[in-house]
Protein chains: 2
Amino acid sequence: MSPEGEHRNAVPTMRDVAALAGVSTMTVSRVLHDDPRISAETKAKVRDAVRELGYLRNDTARNLRIGRGAAAIGLVVSNLANPFYSQLALGVGVAAEAQNLTVMLVNSAGDRDREVRLVRDLLSRRVVGIIVSPATDDHSHLAARALHGTPLVLVARPPKGITADCVLVDDFTGAREAAKRLLARGHTKVGFVGLPPTVWTGGERFRGFRSAFEEAGVRLDRRYVRHQESDVAAAEKTVSSLLGMRDPPTALFAANNRNMIGAIRAVSRSASSIALAGFDDFELADLLDLPLIVVTYDAVGLGREAARLLLERVEPRGGDLPPQRVVLPTAVVEYGPPTGGWHLAAELGPG
Amino acid sequence: MSPEGEHRNAVPTMRDVAALAGVSTMTVSRVLHDDPRISAETKAKVRDAVRELGYLRNDTARNLRIGRGAAAIGLVVSNLANPFYSQLALGVGVAAEAQNLTVMLVNSAGDRDREVRLVRDLLSRRVVGIIVSPATDDHSHLAARALHGTPLVLVARPPKGITADCVLVDDFTGAREAAKRLLARGHTKVGFVGLPPTVWTGGERFRGFRSAFEEAGVRLDRRYVRHQESDVAAAEKTVSSLLGMRDPPTALFAANNRNMIGAIRAVSRSASSIALAGFDDFELADLLDLPLIVVTYDAVGLGREAARLLLERVEPRGGDLPPQRVVLPTAVVEYGPPTGGWHLAAELGPG
DNA sequence: CTGTTAGCGCTTTCAC
DNA sequence: GTGAAAGCGCTAACAG
């Protein structure tokens with residue numbers, strides 16, 4: 001029927017508005033900027049034309065002209081399936097929107113090659129700045145040279161071999177405090193289910209964990225320590241094997257969200273009696289009928305803070321600031337079986 | 001020290017590459033497109049220059065020229081704090097990336113005015129298409145006229161008063177099947193904690209719920225029915241009040257994720273014995289020591305499907321297709337107390 | 001108060 | 001094989 005793409009190309013341009021209003025495109029542009037020098041009647045004419053055509057300024061063209069590629073900030077996360085990152089995105093979004101910037105959200109899924117491509121792509125789109133939670137500690141693709149001065153903020157891990165702002169969680173202290181609580185309760189055989197050593201958070205959290213043992217003068221048994229990818233299924237398997245040892249740990253420390261969930265699953269399936277501690281609070285943690293010590297922090301705030309640092313850099317003389325490093329505090333929360341326990345509806349039937 | 005903005009403006013253009021390689025910009029462009037007519041040695045020269053300068057093509061300029069504003073698809077969600085939407089975003093992202101598109105993710109936070117602004121903003125940026133989960137059932141701002149033919153896909157609710165593709169969850173069937181299970185167990189006094197009636201999912205899920213009662217010939221007691229915003233705290237309060245009635249329900253149906261969590265919290269705090277059913281599976285649902293019937297579906301798939309429909313429209317003759325409506329199936333899952341129950345580490349101490 | 005000219009960085013078209 | 005000119009839609013800079 002219709003010639004191909006007909007209605008899609010019907011997007012009116014400033015020239016169409018100008019023609020309809022009987023003025024030049026420059027006048028239209030000025031009216032859109034609410035330039036006080038334009039007469040009231042001209043403004044009215046132009047605005048009528050805008051309304052009639054449903055005109056929407058082409059920001060791509062505008063941004064090209066004013067030298068700002070895309071009014072957007074790029075956000076590269078390493079695992080969108082992890083709720084931590086959606087919280088982060090939420091925080092970044094709030095801060096970005098306040099400056100009329102959108103967020104281009106991309107997911108490296110933990111793959112560095114992918115991350116390299118995604119960053120390059122964002123740079124090609126000329127985003128005003130990039131926030132990255134790097135998949136590995138090889139940050140060479142994020143060097144200032146590669147970025148041509150596009151502002152960069154790292155989240156959850158510090159720059160390595162490059163200069164950049166970053167916003168971190170106090171992983172060390174959080175892990176140490178949580179571990180201390182286990183030790184205070186008399187646990188000496190404590191399992192550790194951690195992240196790969198190439199991940200900074202993995203290293204810090206392990207350091208904090210270990211430091212609590214040193215302070216307490218308790219020997220850390222290496223047989224109970226595991227480093228691996230953060231994946232629920234993998235963690236579950238690892239924890240199951242720990243629980244299956246002939247001399248199993250009496251407590252477990254999980255280095256993050258995914259490991260914690262995996263650990264909970266493994267413990268729940270086994271007949272083991274074991275205390276759990278670890279990073280990342282989660283919804284309903286308090287309602288699991290399980291003794292639990294979690295390290296919590298403000299993930300949304302992390303995103304907000306990252307965006308704030310980035311936007312500071314975007315400012316005219318923002319490049320002159322020294323590298324910033326913001327560390328957000330952690331808190332330790334303890335959960336236990338609900339007071340009084342559950343009142344089960346037997347067999348799911350009415351009471 | 002440095003003249004303001006110095007290093008930030010140092011982003012090389014195609015002209016810089018051309019000058020360094022001693023060719024015209026046209027030749028550079030052709031090399032970047034791997035045009036077979038260019039001689040091998042010219043290609044080598046140009047590629048060396050590209051590498052030396054770290055040149056990255058300005059996609060903003062490119063897209064302007066080729067008439068595609070931003071190689072991005074806009075995604076407007078109504079509550080990023082709800083894990084359903086991050087799952088959705090994940091699905092959209094996967095499909096988009098396969099076409100070299102990025103996702104511009106924005107959050108209306110359930111506010112329609114905001115949604116209107118966000119959609120307008122995305123249109124100004126000339127995204128290739130928009131995926132929206134509308135905050136309300138007033139879709140007038142999404143009419144073809146307002147979109148100038150930019151492809152649109154609605155998720156989780158059908159178009160109302162406009163034509164658009166949509167991808168839905170079979171809310172009706174899911175709710176009915178879950179309710180049936182409660183009825184089959186002899187519950188007749190069942191509370192309903194639902195969404196506002198202006199939200200389509202709210203209506204459908206209530207219809208499904210009610211239909212199970214009709215089929216079973218059980219009268220639905222309106223005193224137990226609540227419609228409200230989907231917010232954990234609000235739901236908790238509502239459920240608490242239901243539980244506090246002198247003749248309380250023996251079971252509850254929660255219309256979504258947020259209401260379900262709120263209901264669980266309320267039930268756990270009370271001394272009530274009550275069965276729970278409702279929409280949206282969640283991580284660890286199986287480990288809550290609580291009888292639970294949940295309606296589950298593939299949220300990532302929903303996003304993938306939405307992106308697929310959108311990309312079909314973006315194709316040259318995509319506008320000629322009739323409006324599509326995809327309905328994804330639901331499944332009902334039952335959880336109960338873990339077999340054998342938890343083995344508690346008493347007082348969090350070692351065994 | 002409003003219009004003209006030029007150009008952001010790239011690509012399409014036509015020329016050699 | 002390669003280049004020159006023109007223009008995508010917009011706005012800064014200078015007219016008038």
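**View 1. Strand β2 of chain A meets its counterpart in chain B.** In this predicted model, β2 of chain A (residues 102-107) and β2(B) run antiparallel and share three bridges. One pair to look for here is Leu105(A), which sits opposite Val103(B) of β2(B).

**View 2. The contact between chains A and B.** Step back from the strand pair and the contact takes in 74 residues of chain A and 75 residues of chain B. On the chain B side, the elements giving at least two residues each are α4, α5 (83-97), β2 (102-107), α6 (112-124), α7 (144-147) and α11 (257-269). β2(B) makes the largest contribution to that side, with six residues. Sorted by class, the chain B side comes out at 37 nonpolar, 25 polar and 13 charged residues.

**View 3. The surroundings of DNA strand C.** Here 23 residues gather around DNA strand C, and the closest come from both chains: Thr42(A) and Arg65(A), plus Met14(B), Ser29(B) and Asn58(B). Helices α2 (25-32) and α4 (59-65) give two or more residues to this surface in chain A, and α2 (25-32) and α4 (59-65) do so in chain B. The class count for the surface near DNA strand C is ten nonpolar, eight polar and five charged residues.

**View 4. The six-stranded sheet of chain A.** The sheet is open and mixed, and reading across it gives β7-β6-β8-β9-β10-β12. At the edges are β7 (225-227) and β12 (331-335) of chain A, each with a partner on one side only. Ignoring direction, neighbouring strands are turned by 15 degrees against each other on average. Zoom in on β9 (275-279) and β10 (292-296) of chain A and you'll find a parallel pair joined by four bridges. Within that pair, Ala277(A) has Ile293(A) as its bridge partner in β10(A).

**View 5. Two helices packed on that sheet.** Helix α8 of chain A (residues 171-184) touches β6 (190-194), β8 (251-254), β9, β10 and β12, and its direction makes about 170 degrees with that of β9(A). Helix α10 of chain A (residues 232-243) packs on the sheet too, touching β6, β7 and β8, at about 160 degrees to the direction of β6(A).

**View 6. Model confidence along chain A.** The average pLDDT of chain A is 90, and 93% of the residues score at least 70. Among its helices and strands, confidence peaks in strand β4 (residues 152-155) at 98 and is lowest in helix α11 (residues 257-269), at a mean of 90. Residues 1-9 of chain A have pLDDT below 50, with eight contacts beyond near neighbours in sequence. Residues 338-347 of chain A also stay under 50, with 18 contacts beyond four places in sequence.

Terms used
Residues numbered from 1 in each chain as written. Chains lettered and ligands numbered in written order. Predicted model: local features only at pLDDT ≥ 70, side-chain atom pairs only at ≥ 80, totals over all residues. Near = placed C-beta within 6 Å. Nonpolar A, V, L, I, M, F, W, Y, C, P; charged D, E, K, R; others polar. Pairing = 2+ DSSP bridges. Axes fitted to C-alpha atoms, helices over the stretch in contact; angles between N-to-C directions. Contact = placed C-beta atoms within 7 Å. pLDDT = per-residue confidence, 0-100.
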